[in-house]
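I opened the model today to look up how its helices pack and what sits in its interior. My entries follow in the order I made them.

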Amino acid sequence: MVRAISQEAFDELVKENMDDLGMESAEAIEDAIQTLTLQGVDLSGIVRCVPGESNPVLECLNRLKKLNSETEVLDETTVVEVFDSLTDLCAGNANENAAIATKNGGVQLACSLCSKITRSTESHLPLVSCLNATASLLHDVQSTGTFQTSNGPRTIIGLLNDNKQNIDILSSGFRVVASAATGDEILKEAFMELKVDELTMEIMSIHKDMGIQSLYDAIRVILTPDDNRVVASQVYGYARKFAKIGIAEALVDSLRAGLSSPNLVSACITLKAIAVNDEICKSIAEKGGIDAVLRCMDDSGDQGNKAVAKVCCSLLSKLAGSDTNKSAIVGKGGMDKLIKLSARYADDPSVLQEIMSIISVLSLRSPENAARAIEAGASDLAIQAMEKFPAAHQMQRNSCLMIRNLVVRNPENRTILLNNGIEKYIRKAKQTHGNCKDAATDALRDLGLDSYNS
């Protein structure tokens with residue numbers, strides 16, 4: 001069990017170190033931290049300074065408490081200034097400041113002021129600042145739990161429903177949804193019960209030509225099983241609900257805009273999160289999803305957009321989980337497009353490993369596709385990449401997995417790969433990288449080599 005300590009108890013220990021042991025302030029604080037850490041005390045949220053010294057996070061919270069206690073119209077300039085300061089203090093990797101704010105009532109204050117601001121000001125800027133600060137505070141299960149008990153989900157969804165035309169509020173509001181739902185199954189469920197799926201669909205319809213990055217992030221987070229406290233996540237059921245109301249089709253429309261869309265990468269990642277079963281994968285294909293992805297993939301090669309190339313391959317791998325889609329991808333020239341893309345990114349193992357992954361999926365349980373992959377140049381891809389990037393362990397592993405699927409049901413492919421000298425590269429990957437051992441062993445075995453275990 002992790003032990004907790006109050007701010008008062010920590011301050012008293014520091015004071016004792018200074019008064020009774022004659023330590024300087026820095027030494028007294030460091031000694032207190034070391035002593036408590038050795039005792040297994042959780043110091044998150046504790047202000048680690050000399051008692052009485054000011055702390056910028058606490059200063060912000062004190063100002064917010066004063067604002068929250070005021071019954072008159074809030075001063076918009078002050079609200080924006082304080083919340084922006086709190087956001088800067090807690091944003092990014094500043095989890096220590098966010099923990100201090102959480103321990104001292106920051107989440108409750110933010111939720112309370114979100115509601116108060118809408119009643120007290122006409123400008124949308126104070127609300128945007130409040131929402132941004134709220135998102136920066138939600139960094140762990142303690143802060144998200146407080147958000148849930150403070151009626152945060154209902155407050156945020158209410159604000160989003162009331163401001164469907166305001167891009168700034170929508171962007172900041174969905175940032176809160178994404179932060180709150182990260183690693184918290186209870187909040188994912190709370191947002192789904194508040195019909196966040198229907199709300200996102202409506203907003204995507206209203207703002208077709210102006211994608212909202214945080215909206216995509218919110219969908220992706222809600223559909224990610226990232227709460228290790230639960231045995232069975234409900235996110236796959238949520239994905240089916242999203243698909244049922246048409247969000248998959250809306251995301252395909254985003255893909256059709258191609259590289260001109262600033263949210264293309266987010267749309268691909270979100271669509272992958274929704275494609276959780278064969279039925280949804282096939283429906284995405286029927287709506288033109290495969291055509292859109294292949295077109296974006298081609299364009300990413302022509303324009304040198306590595307990020308788009310990687311997410312397109314990753315999404316295509318997910319869609320190829322359906323055997324029907326495998327045939328469609330290959331029938332639309334997918335193998336040739338993938339090999340062409342590999343030539344464009346011959347110097348980037350992070351892209352090559354994604355290409356190998358999709359070729360592996362397309363070739364799984366499909367001798368016809370495995371034969372087509374070899375015809376397109378998959379053998380040369382494997383040999384050249386494994387030779388060129390011996391230290392790229394994930395690419396080496398993906399290459400071994402691809403080789404196995406290319407040869408397991410195609411004896412003729414074994415001869416081609418062995419004659420081209422693939423064995424030595426597989427053995428080198430097996431000896432060099434621990435994560436390649438099993439994949440390399442399987443590849444050597446399915447190549448028909450007797451000494452595959454050596």
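Entry 1, a helix pair. I looked at how H27 passes H28 and found a left-handed crossing. This is a predicted model, so I take the geometry as computed. H27 covers residues 422–432 and H28 covers residues 437–446; their axes come within 8 Å and cross at roughly 155°. Angles over 145 degrees count as roughly antiparallel, and H27 and H28 are therefore roughly antiparallel to each other. I then listed the residues that meet. From H27 these are Glu-423, Ile-426, Arg-427 and Lys-430, and from H28 they are Lys-437, Ala-440, Thr-441, Ala-443 and Leu-444. By class, the residues of this contact are 4 nonpolar, 1 polar and 4 charged.

Entry 2, the nonpolar cores. Which residues have the most contacts inside the largest nonpolar core? I noted Phe-147, Phe-174, Phe-191, Ile-222, Ile-274, Ile-359 and Ile-426, in a core of 142 residues. Ile-426 I had already met in the contact of H27 with H28. I followed Ile-274 further. Not counting residues up to four places away in sequence, Ile-274 touches Ile-219, Leu-223, Ala-239, Phe-242, Ala-243, Ile-247, Ala-248, Leu-251 and Ile-280. A second core, separate from the largest, has 13 residues, among them Phe-10, Ala-32, Ile-33 and Ile-46.

Entry 3, helix H13. Why do I call H13 largely enclosed by the rest of the structure? Of its 10 residues (213–222), 7 are buried. I wrote these down as Ser-214, Leu-215, Tyr-216, Ala-218, Ile-219, Val-221 and Ile-222. Ile-219 is also on the list of residues that Ile-274 touches. The buried residues of H13 pack against H10 (167–181), H11 (185–193), H12 (196–206), H14 (235–244), H15 (247–256) and H16 (264–274).

Entry 4, Thr-144. I placed Thr-144 in helix H8, residues 141–149. Is Thr-144 buried or exposed? Its relative accessibility is 2%, and the cut-off for buried is under 20%, so Thr-144 counts as buried. Leaving aside neighbours within four places in sequence, I found Thr-144 in contact with Leu-138, Ser-179, Ala-180, Asp-184 and Leu-187.

Entry 5, the whole chain. I counted 28 helices and 2 strands in the protein. Of the 454 residues, 51% are buried. The C-alpha atoms fill a box of roughly 80 × 60 × 40 Å along the principal axes. Among contacts between residues at least 6 apart in sequence, 73% join residues at least 24 apart.

Definitions and conventions: Residues are numbered from 1 along each chain as its sequence is written. This is a predicted model: local features need pLDDT of at least 70, side-chain atom pairs count only at pLDDT 80 or more; totals for chains, interfaces and linings use all residues. Side-chain values use heavy atoms; hydrogens and water are left out. Buried means under 20% relative accessible area, exposed over 50%, partly exposed in between (1.4 Å probe, protein chains only). Contact means heavy atoms within 4.5 Å. Axes are lines fitted to C-alpha atoms, for helices over the stretch in contact, and angles run from 0 to 180 degrees between N-to-C directions. Angles under 35 degrees count as roughly parallel, over 145 as roughly antiparallel, 65 to 115 as roughly perpendicular and the rest as oblique. A crossing is left-handed if the near helix is turned anticlockwise from the far one by less than a right angle, and right-handed if clockwise. Ala, Val, Leu, Ile, Met, Phe, Trp, Tyr, Cys and Pro count as nonpolar, Asp, Glu, Lys and Arg as charged, and the others, Gly among them, as polar. A nonpolar core is a set of buried Ala, Val, Leu, Ile, Met, Phe, Trp, Tyr and Cys residues joined through side-chain atoms within 4.5 Å.
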